[in-house]
Amino acid sequence: MGMPPAYGRLLGWLLICDPPQQTSAQLGEALGLSKGSVSSGMRMLERSDMVQRVPTPGRGHAYEMLPDALVRATDPAVKFAFMRDVMQRGLSLLDENESTRAERLRVSRDFYGFIAEKLPSLMEEFRQKHLRKDQ
């Protein structure tokens, strides 16, 4: 995914850890990561809306991943529409839309367009069936 290894380790740990709220010190100890790696990884996860800060007794905070974090972080319309547009740009560069050379790009463009159109309604159906309304 192009992210530092610490990002994946933090994400994986927050998916399974008990208790679900973990301080930076707990994360560093559990994963063998430096304070800097934890700090930068958690900033990335917060910006990605994957985790949230929760207060702890005293002045500190912990991090917590919500049960639907990965669902909310998935924005199929943007990702698949972007890939569709990349394939379309490739087709325009070839200037041979009818050639067999362009076939893979056409199929890929059509696939990403199809997914960009269909996936949002499937995700909404999943949310309605599987996620509590109070999240």
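The exercises below, each with a worked solution, concern a predicted model of a protein.

**Exercise 1. The elements**

State how many helices and strands the protein has, and in which order they run.

Solution. Start with the count: the protein has six helices and three strands. Next, read from the N terminus on: the elements run α-β-α-α-β-β-α-α-α.

**Exercise 2. The sheet**

Work out the order of the strands in the sheet and find the edge strands.

Solution. Step one is the order. Three strands form an open sheet, arranged E1-E3-E2, with antiparallel pairing. Step two is the edges. Strand E1 (21-22) and strand E2 (51-55) each pair on one side only, and these are the edge strands. Step three is the fit of a helix against the sheet. H1 packs on the sheet and touches E1, E2 and E3. The direction of H1 makes about 80° with that of E3.

In general, strands of a sheet pair through backbone hydrogen bonds, either parallel or antiparallel.

**Exercise 3. Bridges to E3**

List residues that stand opposite each other where E1 and E2 meet E3.

Solution. Take E1 to begin with. Two bridges join E1 to E3. Gln21 stands opposite Glu64 in E3, and Gln22 stands opposite Tyr63 in E3.

Now take E2. Five bridges join E2 to E3, and these two strands run antiparallel. Val51 faces Met65 in E3, while the bridge partner of Gln52 in E3 is Glu64. Glu64 thus appears in both lists, opposite Gln21 and as partner of Gln52.

Between the strands of the E2 and E3 hairpin there are five residues. In this hairpin, Gly58 takes a positive phi near 90°.

Finally, consider the surroundings of E3. Four of its five residues are buried, so E3 is largely enclosed by the rest of the structure.

**Exercise 4. Two helices**

Decide whether H1 and H2 are roughly parallel or roughly perpendicular to each other.

Solution. Two packed helices are described by the angle between their axes and the distance between the axes. Here the axes of H1 and H2 come within 11 Å and cross at roughly 105°. Angles of 65 to 115 degrees count as roughly perpendicular. H1 and H2 are therefore roughly perpendicular to each other. As for the residues involved, Arg9, Leu10, Trp13 and Leu14 in H1 meet Leu27, Ala30 and Leu31 in H2.

**Exercise 5. The largest nonpolar core**

Identify the elements that give two or more residues to the largest nonpolar core, and the members with the most contacts in it.

Solution. The core has 17 residues, and Leu10, Leu14, Leu27, Met42, Leu45 and Val51 touch the most other members. Helix H1 (5-16), helix H2 (24-31), helix H3 (35-47) and strand E3 (61-65) each give two or more residues. H1 gives the most, with five residues.

Leu27 can serve as a sample. Leaving out residues up to four places away in sequence, Leu27 touches Leu10, Trp13, Leu14, Gln22, Val38, Met42 and Tyr63.

In soluble globular proteins, nonpolar side chains tend to be buried together.

**Exercise 6. Ser40**

Is Ser40 buried, partly exposed or exposed?

Solution. Ser40 lies in helix H3. Its relative accessible area is 29%. Buried means under 20%, and exposed means over 50%. Ser40 is therefore partly exposed. Ser40 and Tyr7 are 33 residues apart in sequence, and their C-alpha atoms are 8.4 Å apart in space.

**Exercise 7. The whole protein**

State what share of the residues is buried.

Solution. The protein has 135 residues, of which 29% count as buried. Its accessible surface comes to about 9,200 Å², and 57% of this belongs to carbon and sulfur atoms.

Notes: Residues are numbered from 1 along each chain as its sequence is written. This is a predicted model: local features need pLDDT of at least 70, side-chain atom pairs count only at pLDDT 80 or more; totals for chains, interfaces and linings use all residues. Side-chain values use heavy atoms; hydrogens and water are left out. A nonpolar core is a set of buried Ala, Val, Leu, Ile, Met, Phe, Trp, Tyr and Cys residues joined through side-chain atoms within 4.5 Å. Buried means under 20% relative accessible area, exposed over 50%, partly exposed in between (1.4 Å probe, protein chains only). Contact means heavy atoms within 4.5 Å. Two strands pair if DSSP finds at least two bridges between them. Axes are lines fitted to C-alpha atoms, for helices over the stretch in contact, and angles run from 0 to 180 degrees between N-to-C directions. Accessible areas come from the Shrake-Rupley method with a 1.4 Å probe; for residues, only the protein chains shown count as cover. Angles under 35 degrees count as roughly parallel, over 145 as roughly antiparallel, 65 to 115 as roughly perpendicular and the rest as oblique.
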